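I opened the model today to look up side-chain contacts. My notes follow in the order I took them.

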Amino acid sequence: VIDSSLTNVFNYEETISAAYLNLQGSYKKLNLQAGVRAENTEVNTRSLSNNVKYNRNYFNLFPLVSVDYTANKNNNINLTYNRRIERPNYNSFNPYRLFRNYINSEVGNPQLMPMYFNMITFSHNYKGKLNHSITYNIIKNIFFQYNIQNDSTKENISYTTNFKHRDVFAYDIFYQANIFSWWITSFNTSAIYFNYNGDLNGVHYKTEQYSYYISNNHQLIFPKNYTA
């Protein structure tokens, strides 16, 4: 006897066609790079278990522009812009309810749209030891996972949808130096601000948060290639 609630037949086919163009050049202290990637994506899905059928075809351009300026032997400045994509995978599309255990499960969403990233980064490098950068990243159609609990059965079902957008500002510093020939230290810190803005099940949400990360590492080099 077939248990339809535990039976799944899901066909998924994705075809990506791409073409690339990249140009590089230099003028005095400037190094320039400009390129674009053209992509056409075709997705065809069909769930034989619950008769859900979905077809999508979309075309995108992903530019990349980078300007690198060497001011002198100690200072280098770089400005970069690029656009990229992250697509939903097989499990994200599959509308079947996948059980993790007795009370926890997840359901895919065949209507998911791909995420798009637009990132601008300005960085400065000093003597190859100190590097710091400012990044602004706008993310559209974020894959947003949320849970709904059935209070009577205590079952928890996880769903995935597209949230409108997220803005991210980040400042990063990395420094590495030799204290002695046998003692190397590196310091890394990041300060990040991000906010979410979008609708979830007909309700508008907006939130923001700050976070930071600090790391200090030391490497000691001993005779006979031993390190700590």
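**Entry 1: salt bridges**

I started with Glu155. This is a predicted model, and in it Glu155 has 23% relative accessibility. That makes Glu155 partly exposed, because the class runs from 20% to 50%. I then looked for its partner. Glu155 makes a salt bridge with Arg97, and the closest N and O atoms are 3.0 Å apart. Glu155 sits in strand β9, while Arg97 sits in strand β5 (residues 97–99). The two are 58 residues apart, so I logged the pair as a link between distant parts of the chain. Arg97 is partly exposed too, with a relative accessible area of 25%.

How many salt bridges does a search of the whole structure find? I got 4.

Next I checked Arg87. Its side chain meets that of Glu39 in a salt bridge, at 2.3 Å from N to O. Arg87 is in the loop between β4 and α1 (90–93), and Glu39 is in strand β2 (residues 30–47). The pair therefore ties together parts that are 48 residues apart in sequence. Is Glu39 buried or exposed? Glu39 is buried, at 7% relative accessibility. I also found that Arg37 joins Glu39 and Arg87 in a network of salt bridges.

I noted one further bridge. The side chains of Arg100 and Glu106 meet at 3.1 Å, N to O. Arg100 is exposed, at 55% relative accessibility. Glu106 is partly exposed, with a relative accessible area of 23%.

**Entry 2: aromatic pairs**

I turned to the rings. The count comes to 15 aromatic pairs. I looked at Phe144 and Tyr196, which form an edge-to-face pair. Their centres are 6.3 Å apart and their planes stand at 70°. Phe144 belongs to strand β8 and Tyr196 to strand β10, so this pair ties together parts 52 residues apart in sequence. I compared their accessibility. Phe144 is partly exposed, with a relative accessible area of 24%, whereas Tyr196 is buried at 17% relative accessibility.

I then picked out Phe180 and Trp182, a stacked pair. The centre-to-centre distance is 5.4 Å, with 10° between the planes. Phe180 is partly exposed, with a relative accessible area of 44%. Trp182 is partly exposed as well, with a relative accessible area of 41%.

I also noted an aromatic cluster. Its members are Phe10, Tyr12, Tyr54, Tyr90 and Phe93.

**Entry 3: nonpolar cores**

Which residues make up the largest nonpolar core? I listed 10 residues: Met115, Phe117, Ile139, Ile142, Tyr146, Phe163, Val168, Phe194, Tyr196 and Leu200. The elements giving two or more residues to this core are β7 (115–126), β8 (130–150), β9 (155–180) and β10 (183–200). Another core lies apart from it and has 5 residues, among them Val43, Tyr54, Phe93 and Leu112. Tyr54 and Phe93 were already in my notes as members of the aromatic cluster.

I kept a general point beside this. In soluble globular proteins, nonpolar side chains tend to be buried together.

I took Val168 from the largest core and looked up its contacts, setting aside neighbours within four places in sequence. Val168 touches Thr135, Tyr136, Asn137, Ile139, Ile192, Tyr193 and Phe194.

**Entry 4: Tyr136**

I followed Tyr136 from that list. It lies in strand β8. Tyr136 is partly exposed, at 27% relative accessibility. With neighbours within four places in sequence left aside, Tyr136 contacts Asn118, Met119, Ile120, Asp167, Val168 and Phe169. I also took a C-alpha distance to Ile192, another contact of Val168. Tyr136 and Ile192 are 56 residues apart along the chain, and their C-alpha atoms are 10.0 Å apart.

**Entry 5: surface patch**

Last, I checked for nonpolar side chains on the outside. Leu32, Val65, Val67, Leu79, Ile120, Phe122, Ile134 and Tyr171 form a nonpolar patch on the surface. Together they have about 650 Å² of accessible area. β3 (52–70) and β7 each supply at least two residues of the patch. I singled out Leu79, which is found in strand β4 (residues 75–86). Leu79 counts as partly exposed, at 42% relative accessibility. Ile120 ties back to the previous entry as one of the contacts of Tyr136.

Notes: Residues are numbered from 1 along each chain as its sequence is written. This is a predicted model: local features need pLDDT of at least 70, side-chain atom pairs count only at pLDDT 80 or more; totals for chains, interfaces and linings use all residues. Side-chain values use heavy atoms; hydrogens and water are left out. A nonpolar core is a set of buried Ala, Val, Leu, Ile, Met, Phe, Trp, Tyr and Cys residues joined through side-chain atoms within 4.5 Å. Buried means under 20% relative accessible area, exposed over 50%, partly exposed in between (1.4 Å probe, protein chains only). Helices (H or I, at least four residues) and strands (E, at least two) are DSSP runs, numbered from the N terminus. Contact means heavy atoms within 4.5 Å. Patches are made of residues with over 30% relative accessible area and no salt bridge: like charges are joined within 9 Å, nonpolar side chains (Val, Leu, Ile, Met, Phe, Trp, Tyr) within 5 Å. Accessible areas come from the Shrake-Rupley method with a 1.4 Å probe; for residues, only the protein chains shown count as cover. Rings of Phe, Tyr and Trp (its six-membered ring) pair if their centres lie within 6.5 Å; planes under 30 degrees apart count as stacked, over 60 as edge-to-face and the rest as tilted.
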